[in-house]
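Work through the exercises below with the sequence and the model open. Each task is followed by a solution in steps.

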Amino acid sequence: MDAQRVSLGRTWRDVAARGGISYETLRAARNGSGDIPALTRAAMDRGLDWPAGTVDAILDGRVEKVAQAAVVRERQLDAAEERIVTATNQQFGEMLLEVMAVPTMTKPAIARWLVDALDMRDRYRAEQGGGIARGA
């Protein structure tokens with residue numbers, strides 16, 4: 001699961017948010033030794049962009065760890081991600097100002113957004129052969 005999360009450029013908080021569960025619920029599921037509720041497993045599938053039932057298959061041993069990548073659909077950028085990875089430095093600065101203007105965003109949340117966005121942009125540009133974003 002961690003390899004899929006990393007390949008998507010997501011934090012575990014991102015996976016939880018995309019799956020529609022709290023970070024605490026996801027952390028408990030990943031670190032617990034008991035059964036993971038079905039709704040949590042389904043949320044983990046969504047958060048990791050896996051087809052429904054993939055987490056079940058992994059936990060049941062039906063999917064070998066080395067074969068997990070075969071069940072992952074090809075990653076596609078959503079509109080917000082595309083806006084981040086294709087932005088010029090000036091456009092990126094404008095996006096940061098938009099994030100800072102959201103009343104519910106705390107300073108730590110803004111800092112997390114900034115680090116995650118820059119990391120995503122750097123990875124995408126490196127994959128595309130476009131160099132490092134922070135120096136662009």
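**Exercise 1.** What span should the twelve residues of helix α7 (residues 89-100) have at 1.5 Å a residue, and how far apart are its end C-alpha atoms?

*Solution.* This is a predicted model, in which local features need pLDDT of at least 70 and side-chain atom pairs count only at pLDDT 80 or more, while totals for chains, interfaces and linings use all residues. Residues are numbered from 1 along each chain as its sequence is written, and side-chain values use heavy atoms, with hydrogens and water left out.

Step 1. Helices are DSSP runs (H or I, at least four residues) and are numbered from the N terminus, as are strands (E, at least two). The expected span is 1.5 Å times one less than the number of residues.

Step 2. For α7 the expected span is 16 Å, and the end C-alpha atoms are 16 Å apart, so the two agree.

**Exercise 2.** Determine which residues of α7 are buried and which are exposed.

*Solution.* Step 1. Apply the cut-offs: buried is under 20% relative accessible area, exposed is over 50%, and partly exposed is in between (1.4 Å probe, protein chains only).

Step 2. Phe92, Met95, Leu96 and Val99 of α7 are buried. They cover an arc of only 105° around the axis, which places them on the same side of α7; the arc is taken from the directions from the helix axis to the C-beta atoms.

Step 3. Gln90 and Leu97 are exposed, on the other side of α7.

Step 4. The buried residues of α7 pack against α6 (79-86) and α8 (107-127), where contact means heavy atoms within 4.5 Å.

**Exercise 3.** Describe the ring interactions of phenylalanine 92.

*Solution.* Step 1. Rings of Phe, Tyr and Trp (its six-membered ring) pair if their centres lie within 6.5 Å; planes under 30 degrees apart count as stacked, over 60 as edge-to-face and the rest as tilted.

Step 2. The structure holds one aromatic pair. Phenylalanine 92 and tryptophan 113 form this pair, with 5.7 Å from centre to centre and 20° between the planes, and it is stacked. Phenylalanine 92 belongs to helix α7 and tryptophan 113 to helix α8, so the pair ties together parts 21 residues apart in sequence.

Step 3. A charge sits over a ring if NZ of Lys or CZ of Arg is within 6 Å of the ring centre and within 35 degrees of the ring normal. Arginine 121 lies over the face of phenylalanine 92, 4.9 Å from the ring centre.

Step 4. Phenylalanine 92 has 7% relative accessibility and therefore counts as buried.

**Exercise 4.** Locate the largest nonpolar core and the elements that supply it.

*Solution.* Step 1. A nonpolar core is a set of buried Ala, Val, Leu, Ile, Met, Phe, Trp, Tyr and Cys residues joined through side-chain atoms within 4.5 Å.

Step 2. The largest one has 13 residues; among those with the most contacts inside it are Trp12, Ile21 and Leu48. The elements giving two or more residues are α2 (12-19), α3 (23-31), α4 (38-47) and α5 (54-59). α2 gives the most, with three residues.

Step 3. Another core, of eight residues, lies apart from it, and includes Met95 and Leu118.

**Exercise 5.** Is arginine 5 buried or exposed?

*Solution.* Step 1. Arginine 5 is found in helix α1 (residues 2-7). With 15% relative accessibility, arginine 5 counts as buried.

Step 2. Leaving aside neighbours within four places in sequence, its contacts are Arg10, Thr11, Trp12, Val15 and Leu48.
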